[in-house]
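I am opening a fresh page for this protein model. I want to look up its strands, its helices and a few single residues.

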Amino acid sequence: MFRLTSLNLNGIRSASTKGVAQWVESQRPDCICVQEVKAQAADLAGKFEDMAGMKGHFHLAQKKGYSGVGIYSRHTPSDVVIGWGDEEFDAEGRYVELRFDSPKRKLSIVSCYFPSGSSGEERQLAKFRFLAGFFPYLLKLKASREFILCGDINIAHQEIDLKNWKSNQKNSGFLPEERAWMTKLLDKSGEGGGLVDVYRHLEPTATDTSYTWWSNRGQAYAKNVGWRLDYHLATPTIADTARSASIYKDVKFSDHAPLTIDYDWKL
């Protein structure tokens, strides 16, 4: 089995004080994709380049204490891709891709952090720019290789993906335009992206148990008033090998919970 975890850390230094490395060691994933590292290279040096015996590969934001993604891997990649070629968003540290290519298969693991639009109209417009540019990028990637994109997508796709969907229809993360983008990405027809939401492939009807993010306001975590914002998005061939999914909630490392999926193959 290939075990793959995704977790928004909301700060690697904060998550480390809450025992995230010890938990990763106990789970022994092949790779863990992390988002919102919120650190610079100097902050990682000597402390966070490795985790639980896995080497880290990062795309860090130019702005201090902001964004940043990484992948810790037990396996040595054949190539590392930093950024997806968009100047605006590559400056924010949102995309790192590890390639594990062999004569039989081209395969990538991606850690990605989609922009949030919740802080206001300016960032929502930035989020729409990201979505518009990232869709064709994913289509191009899919045309050349198998991949699993893990990350905080900052979109709850369906009504079952958040607790209070009726009252959130005008809020960032559940806007009609964002949901339509996800629908198109997962559309298997000729005009769609043809990707697979792997968690939903395994758990098509899960509601309260599917949430991966909770607001820090109003006892949302205690009351499980959550959203499903963290995903594995995969090419169909890879998605078909997914066997089990789990969302770990016993210990709170950040405002997100780790999503782990086991795939029936090995590198």
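My entries follow, one topic at a time.

**Entry 1: the model.** I note that this is a predicted model. I keep that in mind for each entry below.

**Entry 2: the six-stranded sheet.** I looked up the strand order first. The sheet is open, has six strands and reads E6-E7-E8-E9-E13-E10. Its pairing is mixed. Which strands stand at the edges? They are E6 (79-82) and E10 (196-197). Each has a single partner strand, so one side of each has no neighbour in the sheet.

Next I checked the pair E6 and E7. Strand E7 covers residues 95-99, and E6 pairs with it in the antiparallel sense. I find four bridges between E6 and E7. One residue pair to look at is valine 80 with its bridge partner in E7, leucine 98.

**Entry 3: helices on the sheet.** I followed helix H5, residues 121-144. Helix H5 lies across E7, E8 (107-113) and E9 (146-152). Its angle to E7 is about 5°. Then I turned to helix H6, residues 176-186, which also packs on the sheet. Helix H6 touches E10 and E13 (230-234). The directions of H6 and E13 make about 30°.

**Entry 4: glutamine 124.** I picked this residue because helix H5 holds it, and I wanted to know about its surroundings. Is glutamine 124 buried or exposed? Its relative accessibility is 9%, so it counts as buried; the cut-off is under 20%. Beyond its neighbours within four places in sequence, glutamine 124 is in contact with Gly117, Ser172, Leu175 and Glu178. I also compared its position with methionine 51. Their C-alpha atoms are separated by 33 Å, and the two residues are 73 apart along the chain.

**Entry 5: nonpolar cores.** As a rule, nonpolar side chains tend to be buried together in soluble globular proteins. I looked for such groups here. The largest nonpolar core has 31 residues. Which residues have the most contacts inside it? They are Leu4, Ile109, Ile148 and Tyr263. I listed partners of isoleucine 109 outside its four-place sequence neighbourhood, including Phe2, Leu4, Cys33, Ile71, Val96 and Ile148. Another core of 26 residues lies apart from the largest one. Among its members are Trp84, Phe89, Phe135 and Ile155.

**Entry 6: strands E3, E4 and E5.** I moved on to strand E4, residues 54-59. Five of its six residues are buried, so E4 is largely enclosed by the rest of the structure. E3 (residues 50-51) pairs with E4 in the antiparallel sense over two bridges. Aspartate 50 stands opposite lysine 55 in E4. Two residues sit between the strands of this hairpin, and alanine 52 takes a positive phi near 50° there. E4 also runs antiparallel to E5 (residues 69-73), with five bridges joining them. Histidine 57 has isoleucine 71 of E5 as its bridge partner.

**Entry 7: threonine 241.** I ended in a loop. Threonine 241 lies between helix H8 (236-239) and strand E14 (242-247). At 17% relative accessibility, threonine 241 counts as buried. A polar atom of its side chain lies 2.6 Å from the backbone oxygen of isoleucine 238. Not counting residues up to four places away in sequence, threonine 241 touches Asp262, Tyr263, Asp264 and Trp265.

Terms used. Residues are numbered from 1 along each chain as its sequence is written. This is a predicted model: local features need pLDDT of at least 70, side-chain atom pairs count only at pLDDT 80 or more; totals for chains, interfaces and linings use all residues. Side-chain values use heavy atoms; hydrogens and water are left out. Two strands pair if DSSP finds at least two bridges between them. Contact means heavy atoms within 4.5 Å. Axes are lines fitted to C-alpha atoms, for helices over the stretch in contact, and angles run from 0 to 180 degrees between N-to-C directions. Buried means under 20% relative accessible area, exposed over 50%, partly exposed in between (1.4 Å probe, protein chains only). A nonpolar core is a set of buried Ala, Val, Leu, Ile, Met, Phe, Trp, Tyr and Cys residues joined through side-chain atoms within 4.5 Å. A polar contact is a pair of N or O atoms within 3.5 Å; within protein, one must be able to donate a hydrogen and the other to accept it, and residues adjacent in sequence count only if both atoms are side-chain atoms.
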